[in-house]
Amino acid sequence: MNTLVGAVGTVAVGAVVVGAAALVLHSAPTEPPLLTATVTANSSSTPGVTSEASLELATYGDSSQITWRRTNGGQGPHDWVSYGPTTNLQVPSHSLVTVTIQQYDSGEPIPNTFLATVQGTVGGTMTVDGKTVSQVDSESIGHTFTVHNYPSSTQDPLYINVPLPAVSDDEAEAADAAGRLTKPHVITFQFVTGSAGTYAWNCEFPCGDGTYAKFGDAMSSYGYMSGTLHVV
Amino acid sequence: MSVDTEGSEVPTRPPVRERLASPAGKLVVGVGVVVVVMSALLLAFGIWWPNASLPTTASDTEDAVKSTILVFSIAAAPVMALVWGIGYYSLRHWRHGSGDEPPEDGPPLRGSNRIAVGWVVVSSVLTAFLLVWGLSELTSTTTLAAGAKPLVVNVTGQQWLWTFSYPEDGGFSSPDLTLPKDRPVVFQVSSLDVIHSFWLPEMGIKVDANPSVTTTVSTTPTLLGTFQVRCAELCGLNHSYMETTVKVLDGPAFDAWVTAHGGKPDVTAAGGTSNG
């Protein structure tokens, strides 16, 4: 009888532990809020493109600048470097997408100078404060916006690398009375999407804490310097 | 019984047929059947499995890997079958029924020099063969065959991207790997941050990418097509996305690809890319 009670008790305790773990994992945050690109035209002069859309992003040295992180929905530390307003992006398929990034963060030399070149955008170029360039000074990079082109038999290839030049330390701290940053570099670029698919993107400049080659904190936590690009 | 030269009676062994018909003889026959059948099954598995489950063979290195698996399977099959056969014999022969009282101790083992020497010699020869074969195949991944000038590719891993540069073809870089068919390639592998592992499954190449260290490995692509490049060392948040493709082109197509990327094809590559 004691053996039976012990066995049943063990199973019951195990079930409670597994159930509690499932409950915790289920309630854990999954994706940051979704940012859907604004469709600006339902036709395009670009061959193979059926619509045009735009997306606006920003990079901050302090994620407290990001609204959703300051509000009830914003889990995680609020003082890490981060992309904003979110890192969960959605763009239309077969579309010409124009991305504007307000780059508010300072920077350093990038370890891999190859990533100081613009790749995968229309014309292989971008604009920095209105000036068209195909690469930037590798000694002063704030972040990169890099979409991974991993092999897949079910979705079209899409590789993009856009280096974001750093602002000076003074510019990175320039803010108005409300605490909003005011002196960014403004980067714009365009890329063309293929069929529907899901892609990972992240910053390839090691900008986390120094625990491990600057890949700690924001670089090793989903939703700060990495995210998902949904092509729908 | 027989009588020896001094007139003493010496026990004689019964004929082979009679010994095989005894319970112990039947057990030995059963063990022999287990060994033979298991050897055959393991050999069949060893021959079938590499081609059925391993990736397509796209280089001489992957070909050597599959050959090694085949040879090791052939060498190991009889040994494994013998171990299983002895296990079967032990379980059957030394089994006690539920009504039997097991002895306090088993019978003492008598030494057999022939078996001991035979076991040591066979094991040593087998192990030495596998060691020499393995080291020889391992060395082949770092030793280039004479002839065509090798293509040098610098492979750089970083969280979570591979980049490839071609220092002797103009020094350009690419996020995708492209190689010429039938020309030796030397990969100089390193990392900018943490430890990664440069893995070309279809080419039998897997080598760690260590920060501040350059590791050299070589192979010769033997099949046209597009294959995988992956990171095989858990390296952080987006490790699972740290993959890209390797394209193997014929010589002229590779030269055109180099030119299109701002490089200069190495025309001194004897028997190299231009010959396709």
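**Cores, domains and the contact between chains A and B**

Good morning. In the largest nonpolar core, which holds 47 residues, the members that touch the most other members are Val81(A), Ile141(A), Val162(A), Cys207(A), Ala218(A), Met225(A) and Leu229(A). I should say at once that what you see above is a predicted model.

Several strands of chain A build this core. Those giving two or more residues to it are β3 (51-60), β5 (88-91), β6 (95-103), β9 (141-147), β10 (160-165), β11 (185-192), β12 (197-202) and β13 (226-231). Which of them gives the most to this core? That is β6(A), with four residues. A general remark fits here: nonpolar side chains in soluble globular proteins tend to be buried together.

Please turn to one core member, Val162(A). Leaving aside residues up to four places away in sequence, Val162(A) touches Val118(A), Thr121(A), Met126(A), Thr144(A), Phe145(A), Ile187(A) and Phe189(A). There is also a second, separate core of 30 residues, and among its members are Ala58(B), Trp162(B), Phe164(B) and Met242(B).

Next, a residue of chain A that sits in a loop. Trp80(A) is located between α2 (67-70) and β4 (82-84) of chain A. Is Trp80(A) buried or exposed? Trp80(A) is buried, because 23 other C-beta atoms lie within 10 Å, where 20 or more are required. Its contacts, again not counting residues up to four places away in sequence, are Ser63(A), Asp217(A), Ala218(A) and Tyr224(A). Of these, Ala218(A) stands 138 residues from Trp80(A) in sequence, yet their C-alpha atoms are 5.9 Å apart. Ala218(A) is also one of the core residues named at the start.

I now move to chain B. Its secondary structure comprises five helices and twelve strands. Of the 276 residues in chain B, 26% are buried. Among contacts in chain B with a separation of 6 or more, 69% join residues 24 or more positions apart.

The domain assignment divides chain B into domain 1, covering 16-93 and 119-140, and domain 2, covering 151-265. Taken over C-alpha atoms, the centres of domain 1 and domain 2 of chain B are 37 Å apart. Where the two domains of chain B meet, ten residues of domain 1 are in contact with 13 residues of domain 2. The domain 1 side of that contact consists of four nonpolar, four polar and two charged residues.

How many residues does each chain bring to the contact between chain A and chain B? Chain B contributes 19 residues, and chain A contributes 19 residues. On the chain B side, β3 (151-158), β4 (161-165) and β12 (243-249) each supply at least two residues. The largest share of that side, three residues, comes from β12(B). By class, the chain B side has seven nonpolar, ten polar and two charged residues.

My last example is Ser173(B), which belongs to strand β5 (residues 173-174) of chain B. Ser173(B) counts as buried because it has 20 C-beta neighbours inside 10 Å. Beyond residues up to four places away in sequence, Ser173(B) touches Thr163(B), Phe164(B) and Ser165(B), together with Phe114(A). Phe164(B) has already appeared as a member of the second core. Finally, Ser173(B) and Asn154(B) are 19 residues apart along the chain, with 9.0 Å between their C-alpha atoms.

Thank you for your attention.

Key:
Residues are numbered from 1 along each chain as its sequence is written. Chains are lettered from A and ligands numbered from 1 in the order in which they are written. This is a predicted model: local features need pLDDT of at least 70, side-chain atom pairs count only at pLDDT 80 or more; totals for chains, interfaces and linings use all residues. Domain bounds come from an automatic or database domain assignment. Two residues are in contact if their C-beta atoms, placed from the backbone, lie within 7 Å. Ala, Val, Leu, Ile, Met, Phe, Trp, Tyr, Cys and Pro count as nonpolar, Asp, Glu, Lys and Arg as charged, and the others, Gly among them, as polar. A residue is buried if 20 or more other C-beta atoms lie within 10 Å of its own, exposed if 12 or fewer, and partly exposed in between; C-beta atoms are placed from the backbone. A nonpolar core is a set of buried Ala, Val, Leu, Ile, Met, Phe, Trp, Tyr and Cys residues joined through C-beta atoms within 7 Å.
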